[in-house]
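Me: Please examine closely how the parts of a single chain are arranged relative to one another, and describe the surfaces through which they meet. A connected account would be preferred.

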Amino acid sequence: MRYRNTWEEATIEVVEQVAANVMQFKIRPKNGTQKFTVGAHLDVSVLINDIPEIRSYSLVGSYEPHAPYTIAVKRLPQSRGGSKYMWSLKPGNKIRISQPTNHFELGFGAMDYLLIAGGIGITPIVGMAQQLADRPGKNVRMLYLGQSQAEMPFTETLQEVLGDRLTLHYSDDEGFYDMAQILELANDKTQVYLCGPIGLMNAVRKTWEESPFETTNLRYETFGASGLFAPQKFIVTIPRFKKQIEVQENETLLHALEAVDIDVMYDCKKGECGLCQVDILDYSGDIDHRDFFFSEAKKGENKKMCACVSRVANGNITIDTAFRGKQK
Amino acid sequence: MNATFPMNAWYATAWDVELKHELLARTVCNKKLVLYRKKDGTPVVLEDACWHRLLPLSKGSLRDDTVVCGYHGLEYNSDGRCSYMPSQETINPSACVRSYPAVQKYRFIWVWMGDPALADEAKIPDMHWNDDPEWAGDGKMIEVKCNYRLVVDNLMDLTHETFVHAGSIGDRNVAEAPFDVHYDEHTATVTRWMKGIDPPPFWKSQLNKKIKYDGLVDRWQVIKFQAPSTVNIDVGVAIVDTGAPEGDRSQGVNGYVLNTITPSTDQTCYYFWAFVRNYNLQDQSNTIELREGVSRIFAQDEDVLEAQQAAINANPEREFYNLNIDAGAMWSRRITDKMVAKEQQT
């Protein structure tokens with residue numbers, strides 16, 4: 001269920017680095033925290049080039065009365081700009097946040113759980129591990145992947161909570177994780193909760209879809225923030241409007257189109273709903289499909305892309321929108 | 001009047017026989033729910049609003065164990081996870097409707113509306129008489145247009161029998177006998193013994209189904225409240241001075257009035273009740289006669305309770321006076337208030 005955001009002022013109470021490139025923020029809203037369930041996130045109004053934009057950050061851990069909200073943000077040098085803003089915040093600074101909402105709710109109906117986190121995707125998973133670890137009758141296993149221990153926050157907390165039910169994988173030391181192994185950690189009743197970079201999510205989804213297990217048992221969340229390529233600038237040609245624009249590395253295609261008054265329908269802005277799809281007429285380089293709307297086969301065709309999250313790497317693109325009216 | 005209710009509690013939402021392999025709409029604690037029974041018999045309770053455009057899913061249909069929305073055909077499995085979206089190859093990862101823990105026990109379908117992490121089946125109120133082979137009986141559900149606490153109040157003080165149910169179970173003895181009230185953290189108990197009395201017509205006829213007897217009896221009513229809204233009443237009569245008050249009920253007949261009341265909205269509730277007995281167990285006509293008899297008696301309560309709620313609404317500035325007879329009801333309210341306050345603190 002989707003809820004309308006109500007915004008309020010909040011104060012940054014504590015800023016603490018919890019891993020290389022990961023900063024943790026404790027945030028107290030002016031009117032007190034609200035109860036949330038694990039998997040929930042906050043929307044934060046961030047300033048990007050002085051323009052307010054909304055970013056979603058998962059809440060770390062479980063709700064505790066009177067405790068501030070905790071989020072953790074990875075600094076991505078070429079991000080869409082949200083992390084740069086967040087990293088500029090100091091204790092005492094005021095920000096605007098929404099109430100917690102949950103699009104990644106942990107179901108308590110299963111007996112068997114597999115939690116999979118990659119990198120900063122750990123944030124919603126911490127609370128799930130805490131909630132499931134000591135519950136009688138529930139089996140929980142967790143796989144947490146990252147480059148190295150230094151890059152991965154909350155490993156100590158998770159080891160305390162899960163003990164040998166936690167598998168840590170460091171790709172710098174151990175190389176690529178063989179995704180087929182996840183099927184050995186699961187059975188036909190296992191619910192999987194997954195959050196991480198798109199490469200990991202695609203690999204898990206592919207493995208799961210090819211397994212005999214129900215696709216509905218794989219739950220995942222994405223805020224559309226990661227791609228297979230680092231964000232780069234690219235040039236977009238829109239013949240119908242006789243326009244050529246440049247999309248900056250920290251800007252979305254959707255934003256760049258709106259900036260020149262080309263209307264595109266959109267809703268979720270995180271690559272889930274598919275409303276912002278545009279037609280690809282021609283391109284060079286690679287289309288970096290960052291959405292979860294198109295199937296892998298459709299992505300491979302490179303005929304359409306989600307303007308809200310997807311990009312072009314090492315090349316440029318010519319597109320058309322849904323507009324069929326007369327040019328002014 | 002405090003109209004709140006705890007969310008972290010099991011509430012009865014349907015009789016076992018009401019829940020079939022089809023969609024049933026109910027509102028519990030102000031939340032619209034859709035209920036159904038899976039093909040393997042397991043009860044399912046989901047939020048009754050499609051993730052997409054909020055149409056109640058109860059207006060849709062059931063295909064195997066999958067709920068199909070009656071508007072655009074989105075499908076949900078019994079966990080509430082969307083499993084089909086029209087005209088697209090993928091499914092939005094956040095597409096879910098809330099699913100609520102649900103359990104069938106003591107012939108009722110129980111739902112947990114609060115934090116699912118706390119839903120422990122051991123917390124289902126004890127109503128075991130309802131499917132115990134030592135007891136026979138049946139009951140019904142009434143949708144009453146009053147706050148659920150008014151029904152609890154009604155059951156915790158049976159002096160009303162004298163006036164609301166004169167001629168069946170109520171007589172002067174109930175209104176005049178003294179009673180004891182005890183409580184602990186989760187329960188409140190009102191015990192009333194009416195010793196050496198003429199049995200009221202109802203109990204006289206029940207006793208004669210077991211023992212031919214025409215004289216004085218000892219009559220008891222032991223009302224036990226289990227927070228937040230279950231009231232089981234141990235009732236019966238035994239031949240006078242045969243030891244019933246001391247625990248020997250062999251020369252008598254015993255029934256339980258089992259009641260559990262589920263807040264629907266602030267001004268409506270589902271009142272589930274059953275009457276079970278430990279005598280004449282094989283007699284199905286006795287079961288039906290008792291069920292229909294109690295049903296007529298409870299219709300009298302329903303009339304009083306709805307008029308009382310209307311009067312409360314018409315007098316928003318007024319609160320209740322309380323009497324000695326209200327001790328059981330007041331302990332029940334206080335125990336529930338503490339549950340609610342504790343939930344709101346955390």
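Reply: In this predicted model, the C-alpha centres of domain 1 and domain 2 of chain B are 33 Å apart. These two domains cover residues 10–123 and 128–345 of chain B, respectively. Where they meet, 11 residues of domain 1 of chain B are in contact with 10 residues of domain 2 of chain B. On the domain 1 side of this contact in chain B, the elements that give two or more residues are strand 1 (10–15) and strand 2 (24–28). Strand 1 of chain B provides the largest share of that side, namely 4 residues. By class, the side of domain 1 of chain B that touches domain 2 of chain B consists of 7 nonpolar, 3 polar and 1 charged residues.

Chain B also has a contact with chain A, to which chain B gives 23 residues and chain A gives 21 residues. The side of chain B that touches chain A holds 9 nonpolar, 9 polar and 5 charged residues.

For the partner chain, the domain assignment gives domain 1 (7–98), domain 2 (112–220) and domain 3 (234–320) of chain A. The C-alpha centres of domain 1 and domain 2 of chain A are separated by 24 Å, and 14 residues of domain 1 of chain A are in contact with 14 residues of domain 2 of chain A. Strand 1 (7–19) and strand 5 (69–74) of chain A each supply at least two residues of the domain 1 side of this contact. Strand 5 of chain A gives the most to that side, with 3 residues.

Technical notes
Residues numbered from 1 in each chain as written. Chains lettered and ligands numbered in written order. Predicted model: local features only at pLDDT ≥ 70, side-chain atom pairs only at ≥ 80, totals over all residues. Contact = placed C-beta atoms within 7 Å. Nonpolar A, V, L, I, M, F, W, Y, C, P; charged D, E, K, R; others polar. Domains from an automatic or database assignment.
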